[in-house]
Amino acid sequence: MSEFKEVTFKPGTYHVRANGHNGSLPMTVELSEHRIEKIEVDSSGETKGIASPVFTEVPQDIIAGQTLNVDTVSGATVSSHGIIDGVADAVKEAGADPEVLRQRPKPEKETAQDESLETDVVVVGGGGAGLSAAAASLQSGKKVILLEKFPVIGGNTVRTGGPMNAADPEWQNKFEALPGEDHSLEEIYNLDESEIDQEYLEDFRELRKQIKAYLEEVDGKDEYLFDSTLFHRIQTYLGGKRTDLKGNQVYGNYDLVKTLTDNVLDSVHWLEDIGVEFNYESVAMPVGAMWRRGHQPTSDNGYAYVKNLEKFILDNGGQIITDARVNELIVEDDRVVGVKADHQGASLTVRAKAVVLGSGGFGANTKMLQEYNTYWERIDDDIKTSNSPAITGDGIQLGEQVHADLVDMGMIQMLPTCDPETGALFTGLQVPPANFLMVNQEGKRFVNEFGTRDEISKAAIANGSLFYLIADDEIKKTAYNTSQEKIDQQVEDGTLFRADTIGELAEQIGVEPSVLEETVATYNSYVDQGEDPDFYKNAFDLKVEVAPFYATPRKPAVHHTMGGLKIDTDAHVINQDGEIIKGLYAAGEVAGGVHAGNRLGGNALADIFTYGRIAGKNASQEA
């Protein structure tokens, strides 16, 4: 300690709070007279997998160096600073100046050495697409190395609520239909064939037959939840059919959409074999999904996929290397045969017989969003995103090195139901849209809560962007991301509002009480009727009538980029001449062509695990 300016603490254990991704977290700091002895963070309120290294690495660095001048963990800057600031608060309480600790030098760390490795398949990106590609390659008997540029794997997958769309009528038919769902089916049935593009016309006609048979079967009887692979396909197509600012119309490539919807239920069963457990007691539906077909893990939301796939990969001899940013594809004789990466300040070369890109889109790259955007009037410099900071378009840029073709790059999705301050998903109450109403800053409904994500986002922006999800106490039973403890903490933190009456709730969010009371009363009457003459909401479940009542502030943030590398149904990357790039595959958000102008909620997980499996299997065959 001789090289440091010494500090003296009042010894003891201090209870402070650290700001995390989802709000503040309890933290204890144990101090002796001259040392920080122990730091413990209760991360149970944090989304698992998002900031896992923070809660060990940052405290270890602080204690090892007896300094607050430590590096933040890539992808978890908020949580890193939260821990540093929490320790600073404890130091103040102990009667010392934390600025002294901030002036101390950083602890020294070992640097990696240059290295070259060989394998059969190298996967770039440690989100759901990359992990599933690696697992599928291992199942094919190949050696696999997965490279992830951040200190922790998971990408955007750990940030999801977990519902994965897959039509599974044998399961879904066991549930009752919700009031209003038959109207959605009738709307599809009554679409004029002239509105359907030629590639999808035959499937649309077959779907109409299915819907007609269902409506005739349930006429005058208790309705059950209808679904089919064709319905999922047509909804994916219609949900993604959009016109951009230049008047160009886009819709999903038929072969890619068909491959997705034909194989996604097999992906669910494959994930079960890997170790993921799904809750079959209810059918999940995130905002913008258009239908109840979500398969929800029994616990841990999106992290359930990541932890089980990681375990499978490591148990079967796969290698995962983090802090490895790939910056170059190795090409020999017109074939991609490996990658070059920066690994903790050193050079890492991995030679392989096939490369799979599963590195995600570019939702966290504002300049790239602004460059390609052709859907929104503008993308502001300070736009928030729900994405991991790792999602910056790296894989797309790698593909461009070998002249890969790009598709639908201008189509960018906003998710309307994000935290206004951070863009995070897991604050407030995340529940199926059948169970809440949305109100603007005047306390009035302004949109069909069952609408697509871009429809709700556009309506929100037209209403000043900030809006509120209004619900009652019963909604906790359908929330997939919360507990009473988390709710209480969010109310204390000010990210969620709670009151015993609608009038009191209105006062908390700055709304005229009589307006919100009338809005809620009218909405409840629509739930009773099963019809919404104002915004034509597609389905209803819960009313808002059981105290206490909740208001969750929401604001649109960039959520998904539909465009990316052009692929075929075998996940080969296609070049600008329409030819397969030998040795190169892509899956998930790094690839375009499936979702076109708008992705349905729950279809991202369907996409990454289906095309991730396909990419891994076919890369193995080439290897």
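A residue is classed as exposed when its relative accessible area is over 50%, as buried when that value is under 20%, and as partly exposed in between. In the predicted model described here, Arg378 has a relative accessible area of 59% and is therefore exposed, whereas Asp380, at 30% relative accessibility, counts as partly exposed. These two residues are joined by a salt bridge, in which the closest N and O atoms are 2.8 Å apart. Elsewhere, Asp203, Arg233, Lys258 and Asp262 are drawn into one network by salt bridges that share partners.

A search of the whole structure returns 28 salt bridges, and two further examples illustrate the settings in which such pairs occur. Within helix H7, which comprises residues 198–218, Lys209 and Glu206 lie 3 residues apart, a separation of about one turn of the helix. The two side chains form a salt bridge with a distance of 3.3 Å between the closest N and O atoms. Lys209 is exposed, because its relative accessible area is 53%, while Glu206, at 35% relative accessibility, falls into the partly exposed class.

The second example concerns Arg242 and Asp454, whose side chains meet in a salt bridge with an N to O distance of 2.5 Å. This pair links distant parts of the chain, since Arg242 belongs to strand E8 (residues 242–243) and Asp454 to helix H13 (residues 453–462), with the two positions 212 residues apart in the numbering. Both Arg242 and Asp454 are buried.

Burial is also a feature of helix H4, where 11 of the 12 residues are buried, so that the helix is largely enclosed by the rest of the structure. The buried residues of H4 are Gly128, Ala129, Gly130, Leu131, Ser132, Ala133, Ala134, Ala135, Ala136, Ser137 and Leu138. The geometry of this helix, which covers residues 128–139, was also considered: at 1.5 Å a residue, its 12 residues should span 16 Å, and this agrees with the 16 Å that separates its end C-alpha atoms.

At the surface, Asp500, Glu504, Glu507, Glu512 and Glu517 together form a negative patch. Of these residues, Glu512 is located in the loop that lies between helix H15 (502–508) and helix H16 (513–529). The relative accessible area of Glu512 is 47%, and this residue is therefore partly exposed.

Notes
Residues numbered from 1 in each chain as written. Predicted model: local features only at pLDDT ≥ 70, side-chain atom pairs only at ≥ 80, totals over all residues. Heavy atoms only, no water. Patch = residues over 30% accessible without salt bridge, like charges linked within 9 Å, V, L, I, M, F, W, Y side chains within 5 Å. Areas by Shrake-Rupley, 256 points an atom, 1.4 Å probe, with all protein chains shown as cover. Salt bridge = Lys/Arg side-chain N within 4 Å of Asp/Glu carboxyl O. Lys, Arg positive; Asp, Glu negative; His and termini not counted. Charge placed at Lys NZ, Arg CZ, Asp CG, Glu CD. Helix = DSSP H or I, 4+ residues; strand = E, 2+ residues; numbered from the N terminus. Buried < 20%, exposed > 50% of the residue type's maximum accessible area, 1.4 Å probe, protein only. Expected span 1.5 Å × (residues − 1).
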